[in-house]
Amino acid sequence: MRLSVIITGYTKRPFIKEAILSVLNQTLKKDRYEIIFVKNYEDREIDQWLNSKGLKNITVSDTSLGGKIRIGVQESSGDVLSLLEDDDQFYPSKLEQVQKVFQNKSIGYFHNNYSFFYDNMEITNNVSQEGIMLLAWKADNLLNLKTLNQALKMGISFNNSCISLRRELLESFSQKLTGYTVSVDYAIFFLTLDASLQRNYGLALSTGQLTRYRISPLKEKRNVEDLYLSRLIEGLKTLKMLIEQLSSTELKSYLDYTYHRSKLILNILREDSR
């Protein structure tokens with residue numbers, strides 16, 4: 001089994017090298033995985049550094065996160081794909097644990113736990129980085145509303161940098177992600193769940209903290225209008241795409257309710273901001 005790590009970059013951020021080094025410094029042998037970095041800008045210094053590390057360095061005009069992921073899928077060769085945004089990091093044992101999880105051929109999607117950090121300071125208490133399986137569901141079990149809500153509350157759809165999945169699944173719907181930047185992780189989860197219903201794959205969640213999620217002014221904007229209005233508007237577009245693209249009636253119904261609830265919240269926030 002070979003792994004591919006798709007790293008997505010947006011503008012020249014100061015964390016890019018740290019993110020890439022976290023993937024290069026894995027306990028998994030180097031010949032077991034490849035790195036594809038997809039960004040929407042050119043920078044001589046960064047490009048020279050990336051090329052010196054021997055990874056695939058791809059520059060695209062598409063600024064959307066989903067569009068970069070699609071290109072990364074096309075350029076990758078791994079059986080299992082792990083995603084990483086350019087301001088997050090992997091713990092050293094991340095890919096080794098991912099490989100162990102996907103040795104179970106019934107698993108199609110894996111979400112690991114994460115820790116929060118600011119600069120080099122850990123914000124959350126560190127727990128075992130080992131990918132101990134907490135829960136695994138067959139895809140059709142997640143059509144049960146109670147079970148689905150439980151999985152979502154436990155974070156199974158949160159943060160692209162915590163998501164790994166089989167190539168055939170992401171490949172089957174990556175085109176649908178193009179043009180979307182907000183709630184792409186949410187979209188990947190639901191599109192994977194929908195595709196897994198036909199392919200009989202399970203979805204797994206781990207307690208192991210294998211990803212470091214960066215809290216920074218560049219990532220967590222404090223502007224209330226931007227956070228709760230602009231992002232909510234973009235998130236609604238992603239939800240609408242999911243409702244149109246999913247084949248499962250149960251999932252469409254669930255997301256239709258979520259869409260209208262979110263739209264109501266948006267209208268209330270708009271009124272309050274006047």
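**Salt bridges and exposure**

Me: Why is glutamate 168 called partly exposed?

Reply: Its relative accessibility is 37%. Buried means under 20% relative accessible area, exposed over 50%, and partly exposed in between (1.4 Å probe, protein chains only), so 37% places glutamate 168 in the middle class. The model is predicted: local features need pLDDT of at least 70, side-chain atom pairs count only at pLDDT 80 or more, and totals for chains, interfaces and linings use all residues. Residues are numbered from 1 along each chain as its sequence is written, and side-chain values use heavy atoms, with hydrogens and water left out.

Me: What makes arginine 199 and glutamate 168 a salt bridge?

Reply: The term requires a side-chain nitrogen of Lys or Arg within 4 Å of a carboxyl oxygen of Asp or Glu. The closest N and O atoms of this pair are 3.3 Å apart, so the criterion is met. The pair links distant parts of the chain, with arginine 199 in helix 7 (residues 184–199) and glutamate 168 in helix 6, 31 residues apart. Helices (H or I, at least four residues) and strands (E, at least two) are DSSP runs, numbered from the N terminus.

Me: Why is arginine 214 called buried?

Reply: Its relative accessible area is 2%, which is under the limit for that class, so the label applies. Arginine 214 forms a salt bridge with glutamate 18, at 2.9 Å between the closest N and O atoms. Arginine 214 lies in strand 10 (residues 202–214) and glutamate 18 in helix 1 (residues 16–24), 196 residues apart.
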